[in-house]
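Colleague: I would like a close look at one part of this protein, explained slowly enough for someone in the first year of study. Could you take a single helix, with what lies around it, and walk me through it?

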Amino acid sequence: MDSDRLEAGVPVTLRINGVDHVLELAPWITMLDLLRERLGLTGAKKGCDHGQCGACTVLIDGQRINSCLVLAVVKDGSDITTIEGLGAPDALHPLQQAFIDHDGFQCGYCTPGQICSAVGLMAEGHVQTRDDIRELMSGNLCRCGAYTNIVDAIAEVALGEKRAKPQPMSGETA
């Protein structure tokens with residue numbers, strides 16, 4: 001690759017949330033930076049920028065990927081789904097609704113990565129138990145500690161489990 005080509009950018013075609021994008025990119029741009037800074041898709045978050053927290057998880061060709069670790073030019077021709085592409089305000093993805101129903105978020109920073117990772121793990125077909133969910137989601141950190149509610153939300157969709165919300169003890173108000 002000559003230096004003129006590097007300065008001009010590398011041609012890349014990506015299908016992002018069902019829309020084709022033909023782009024000229026510097027070879028060192030990560031998928032996360034492309035999504036957030038160039039395309040304005042800010043759902044995936046820059047947490048650690050080292051692939052350790054999962055806040056940047058998106059689906060690339062159906063696989064859950066830490067987008068901070070992937071160079072965008074390497075994924076030329078790929079199909080990318082971000083949290084913005086999973087549902088619509090009037091038609092949420094079942095996992096989005098389950099996260100709401102089970103309070104699977106507190107500050108919400110990790111939620112897009114958690115949901116994208118959960119969609120990917122369900123597609124992988126390895127979820128049989130709540131322990132499987134905990135193990136397969138272990139790469140997605142939640143600083144607020146909403147793990148129990150996150151597992152409840154995923155279990156509802158992946159395993160068909162419905163857990164009743166705890167009821168106040170007698171004498172307490174809701």
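Modeller: What follows is a look at helix H3 and its surroundings, and then at a group of charged side chains elsewhere in the chain. Please keep in mind that this is a predicted model, in which the protein has 6 helices and 5 strands, arranged along the sequence in the pattern α-β-β-α-β-β-β-α-α-α-α. Of its 174 residues, 39% count as buried, and it is useful to ask which residues of H3 belong to that group.

Helix H3 covers residues 94–101, and its buried residues are Leu95, Gln96, Ala98 and Phe99. These four lie on the same side of H3, because they cover an arc of only 165° around the axis. The spacing is easier to understand from a rule about helices: an α-helix has 3.6 residues a turn, so residues three or four places apart point the same way. As for what this side meets, the buried residues of H3 pack against two other helices, H4 (111–124) and H6 (147–159).

If we now follow the chain past the end of the helix, H3 is followed by Asp103, whose phi is positive, near 50°. Phe105 then has its place in the loop between H3 and H4, and with a relative accessible area of 33% this residue is partly exposed. Together with Leu92 and Ile100, Phe105 makes a nonpolar surface patch of about 230 Å². Ile100 therefore takes part in the patch, whereas Phe99 is among the buried residues of the helix.

For another kind of contact, we can turn to charge, since side chains of opposite charge can pair when their charged atoms come close. A search of the whole structure finds 7 salt bridges, and Lys46 takes part in two that are worth following, one with Asp33, where the closest N and O atoms are 2.8 Å apart, and one with Asp49, where they are 3.8 Å apart. Lys46 lies in the loop between helix H2 (31–38) and E3, while Asp33 is in helix H2, so this pair ties together parts that are 13 residues apart in sequence. Asp33, Lys46 and Asp49 are thus linked in a network of salt bridges. Within this network, Asp33 counts as buried at 19% relative accessibility, although Lys46 is partly exposed at 32% and Asp49 is partly exposed at 36%.

Conventions. Residues are numbered from 1 along each chain as its sequence is written. This is a predicted model: local features need pLDDT of at least 70, side-chain atom pairs count only at pLDDT 80 or more; totals for chains, interfaces and linings use all residues. Side-chain values use heavy atoms; hydrogens and water are left out. Buried means under 20% relative accessible area, exposed over 50%, partly exposed in between (1.4 Å probe, protein chains only). The arc is that of the directions from the helix axis to the C-beta atoms. Contact means heavy atoms within 4.5 Å. Patches are made of residues with over 30% relative accessible area and no salt bridge: like charges are joined within 9 Å, nonpolar side chains (Val, Leu, Ile, Met, Phe, Trp, Tyr) within 5 Å. Accessible areas come from the Shrake-Rupley method with a 1.4 Å probe; for residues, only the protein chains shown count as cover. A salt bridge is a side-chain nitrogen of Lys or Arg within 4 Å of a carboxyl oxygen of Asp or Glu.
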